[in-house]
Amino acid sequence: MMSWGDALWLGLTARFARVGRLRRAVLMLAAAACTAAAVLYWKQQTDDSANRPLHSMYSGIEPQWSWLCQHDRCERYQASDTTTLQSLQTCNMLCASTQLWPQPTGPVSLASAAVPVRSDRFSLKVIASPSRDVTKHLNEAFIVMQNHMRTLEHGVVGENRRSDIGPPRDVLVKVSVNGSGDPRMRLDTNESYKLALRPSGNSLVVDITAHSFCGARHGLETLLQVTWLDPYAGSLLILEAATVVDAPRFPYRGLLLDTARNFFPVSELLRTIDAMAANKLNTFHWHVSDSQSFPWKLDSAPQLAQHGAYGPGAVYTSDDVRTIVKYARIRGIRVLMEIDTPAHVGRAFGWGPEAGLGHLAHCIEAEPWSSYCGEPPCGQLNPRNPHIYDLLEHVYREIIQLTGVDDIFHLGGDEVSEQCWAKHFNDTDPMDLWMEFTRQAMHVLERANGGKAPELTLLWSSRLTRSPYLERLDPKRFGVHVWGASQWPESRAVLDAGFRSVISHVDAWYLDCGFGSWRDSSDGHCGPYRSWQQVYEHRPWATETPESAAWPVEGGAACQWTEQLGPGGLDARVWPRTAALAERLWADRAEGATADVYLRLDTQRARLVARGVRAAPLWPRWCSHNPHACL
C-alpha cells in the first residue's frame, strides 16, 4: 500500500510534469510566433525592396559614398562632413562622358551643370505638325516620357528633397515636325532630329525639330536621358543646357522574339517594346508561330489557333495584337509579324481533311523527326493544294490590316525539308516546288496588300537563297534576312548579288546560343554564349573589299529564339545585349567596347532597370562604383 508521502510525491511530480509540458508548449508557441513574425517582416522588406525603385532605399539613410569628377572620370570617396556630397548618377552625368545611348551621330554639346525639375512641371507645345495624327502621337509620346519621369520620382521627390538645391524649374518642350504626316515607322521614315535645351529666365526651353513623328519621339527619348534622379538630392535633375544633332546609320534596327516555342504574356511583350524604345530600336519582329504552336487566334482563320495553340491561356487575340501595335507605334516601333511557311508549321494546319479542304500540310509530327525537320515536331505546307494559298491570303491580309505595316513583310521560308516533299511529290524536284511556292505566296501577298507588293519582302536565308536558285529570285521583289554565320560564303553571296538584306548572323546576334542543347548534353547547334561585347563589335559590312561598299544592308536584328526560355526570364536574356546592338546599328562607330562604352552602357542598363526591365548586370556593382578600377 502506497504511503501518504509517496502519494504526495507522485502527485507533485505529475503536476510539475504537466507544468513543464505546458511551459515547453508555451515556449514553443512563442518561438513559432517570433519566427513567423520574422519571416513576415523579412518578406515584407524583400517585397518592398523588389517593388521599390533603388533610389527610394536611400530614404533616411546617410550617404556612405561621394563621387567627384577628377581627370575626366568619377572617383569614389568616403562621405564626410568635409566632403562635397555628390551621387554617382550626378557625377556620371556631369563628368566627361556623354552618357547618351545610343551615341548620337552628329555634334553634341552638354552642359556640366544641372538644375532640379519635376515631371509635372514639363509641358508640351506643338509648334508645327503636318497632320492631326502626328499631333496626336506627339501628345501621347510626351505623356509616355512624363510617366517614365514619374516612375523615377516615386517615393523620393518631395518627401526627401534637399532644400539647398533650389526650386524646380518649369520646362517647356516645343516640338516642330516638318515632313511626313504619317506617324508610322516606315522604310523611308526620316528618323533624324535636333534637340536644343537652354535656360530662359527661371525656366528651361527645349526645342525639338524633326522630319517625322518617329524622329521627334527619338528627341523626347534623348531628353529623358539628360534627366535623371539624384538619390542624395531627392529630386530629378536635368542638364542646364544641351544640343544634340542625331540620325541613325541604318533604317532597320530590330529584335526578333519567338512566341511559338514558349508562350509569353502580352505584358512581357509590352515591356520588351518599351525597352526597345529606350534604345531607339524600331522593329519588333514577332515570330508568332512555328511547328510547336500557333498561338494567334486570327479572325479570318480561327482554326489555326484552335488546333495549334498550347491551350486557352496561351492565345493572342486580335485585340491583343491591336494593343501591342498601338503601344509600339507611340514608341516609334513597327510590329513585323511573321507566320513562317512553308516549313515550320505543325498541328495548326492539320484540320484540312475534316473541313473538306484536303491536306493543307504534310509530315505533321512525322517520325523519325530528324529525317524531316531540324527539331520536333515536323510539318510542311502542301504546295499543290490551292486552298493553302487562299488561307495564306486571308492570314496576310489580317496581318497587314492589324499592324498597318504594308511596306515590308516577312514570308519566312526557312529550313524546308526536301525529303518531306519528295515523299509526297516524287514527280517534281523539291527545290522547284519550293520556288513555285515562294512565287505563289508572293502573288497572294500582293492581293492581300491591295494589289501592290510591299517595298521589301523578306525571306530567311536558306538553300533557296544560294546558287543556282538565288539567280531565279528577283532582287527587286525579294530581300534576304541573313541568319547564317558571317563567314559562310552564302551569307555574303546574297549581298554580292544585290539583295537588300537584314543581318542576324548566328555567330554574333543570336541570343539563344550558349545554353546547351535541350535535346542532349551537347553544346547545342550554335555554340558559345554571345556576350554584349561580341554583339557590339560585330560589323560585318566593314570589310576592306570594294564589293562591301555597295552592299545593300538595311540593318540588322538580334534574334531571341525560345526553346529554353519562358516568362520571367526574358529581360535578362535580351538586355543589355540588345542595347549593344542598338548602338551598333544607330551609330556604327569603328571603335569596339571601349571604357566609354562600358560606362555609358552601365548607365543605360540602370535606366532600363528603373523602367522595370530586369536587365542583367554588366559586372559586379563594385565596378559601377569604381569603373576605372575594372577597366
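Biologist: What pattern do the disulfides of the protein follow when bonded cysteines are counted along the chain?
Modeller: This is a predicted model, and the sulfur positions are to be read with that in mind. A search of the whole structure finds six disulfides. With the bonded cysteines counted along the chain, these disulfides follow the pattern 1-4, 2-3, 5-8, 6-7, 9-10, 11-12.

Biologist: How many residues apart in sequence are the parts that the pair C74 and C91 ties together?
Modeller: A disulfide joins C74 to C91, with an S to S distance of 2.2 Å, and a torsion of -110° about the S-S bond makes this link left-handed. Both C74 and C91 are buried. Because C74 lies in strand 2 (residues 73-78) and C91 in helix 2 (residues 88-94), the pair ties together parts whose separation in sequence is 17 residues.

Biologist: What is the handedness of the disulfide of C513 and C526?
Modeller: The sulfur atoms of C513 and C526 are 2.0 Å apart and form a disulfide. C513 and C526 both sit in the loop between helix 12 (506-509) and helix 13 (532-537), 13 residues apart, and both are buried. The torsion about their S-S bond is about -125°, so the disulfide is left-handed.

Biologist: Is C630 buried, partly exposed or exposed?
Modeller: C630 forms a disulfide with C623, their sulfur atoms 2.1 Å apart, and since the torsion about the S-S bond is about -80°, this disulfide is left-handed. C623 has a relative accessible area of 7% and is therefore buried. C630 has a relative accessibility of 30%, which lies between the 20% and 50% cut-offs, so C630 counts as partly exposed.

Biologist: Which cysteine holds the sulfur closest to that of C559, and why is there no bond between the two?
Modeller: C559 counts as buried because its relative accessibility is 0%. A disulfide needs two cysteine sulfur atoms within 2.5 Å, whereas the closest cysteine sulfur to that of C559 is 9.8 Å away, too far for a bond. That closest sulfur belongs to C513.

Biologist: Is C214 buried or exposed?
Modeller: The cut-off for burial is a relative accessible area under 20%. C214 has a relative accessible area of 1%, so C214 is buried.

Biologist: Where does the largest cavity lie with respect to domain 1 (102-246) and domain 2 (252-629)?
Modeller: The structure holds three cavities of 30 Å³ or more, and about 90 Å³ of space lies in the largest cavity. The elements that give two or more residues to its lining are helix 3 (132-153), helix 4 (213-225) and helix 5 (266-278). Because domain 1 and domain 2 both give residues to the lining, the largest cavity lies between them.

Biologist: How many charged residues are in the lining of the largest cavity?
Modeller: The largest cavity is lined by 13 residues, and those nearest its centre are A141, V144, M145, R217 and E221. By class, the lining of the largest cavity has seven nonpolar residues and one polar residue, and its charged residues number five.

Biologist: Which residues are the closest to the centre of the second largest pocket?
Modeller: The second largest pocket has a volume of about 660 Å³, and 40 residues line this pocket. Its lining divides into 15 nonpolar, 14 polar and eleven charged residues. The lining residues closest to the pocket centre are R261, E375, E415, H525 and E563.

Biologist: Which residue stands opposite V175 in strand 7?
Modeller: Strand 5 (residues 169-177) is joined to strand 4 (residues 114-128) by seven bridges, and these two strands run parallel; within this pairing, K125 has K174 as its bridge partner. Eight bridges join strand 5 to strand 7 (residues 203-210), and these strands also run parallel. The residue of strand 7 that stands opposite V175 is I208.

Biologist: What distance separates the C-alpha atoms of V553 and Y252?
Modeller: V553 is found in strand 20 (residues 553-560) and, because its relative accessibility is 13%, V553 counts as buried. V553 and Y252 are 301 residues apart along the chain, and the separation of their C-alpha atoms is 9.0 Å.

Notes: Residues are numbered from 1 along each chain as its sequence is written. This is a predicted model: local features need pLDDT of at least 70, side-chain atom pairs count only at pLDDT 80 or more; totals for chains, interfaces and linings use all residues. Side-chain values use heavy atoms; hydrogens and water are left out. On a 1 Å grid over the protein atoms alone, a cavity is a set of points where a 1.4 Å probe fits but cannot get out, and a pocket is an open set with protein on both sides within 12 Å along at least five of seven lines; lining residues have an atom within 4 Å of a point. Grid points are joined across faces, edges and corners, and a volume is the space filled by probe spheres set on the points. Helices (H or I, at least four residues) and strands (E, at least two) are DSSP runs, numbered from the N terminus. Ala, Val, Leu, Ile, Met, Phe, Trp, Tyr, Cys and Pro count as nonpolar, Asp, Glu, Lys and Arg as charged, and the others, Gly among them, as polar. Domain bounds come from an automatic or database domain assignment. Buried means under 20% relative accessible area, exposed over 50%, partly exposed in between (1.4 Å probe, protein chains only). Two strands pair if DSSP finds at least two bridges between them.
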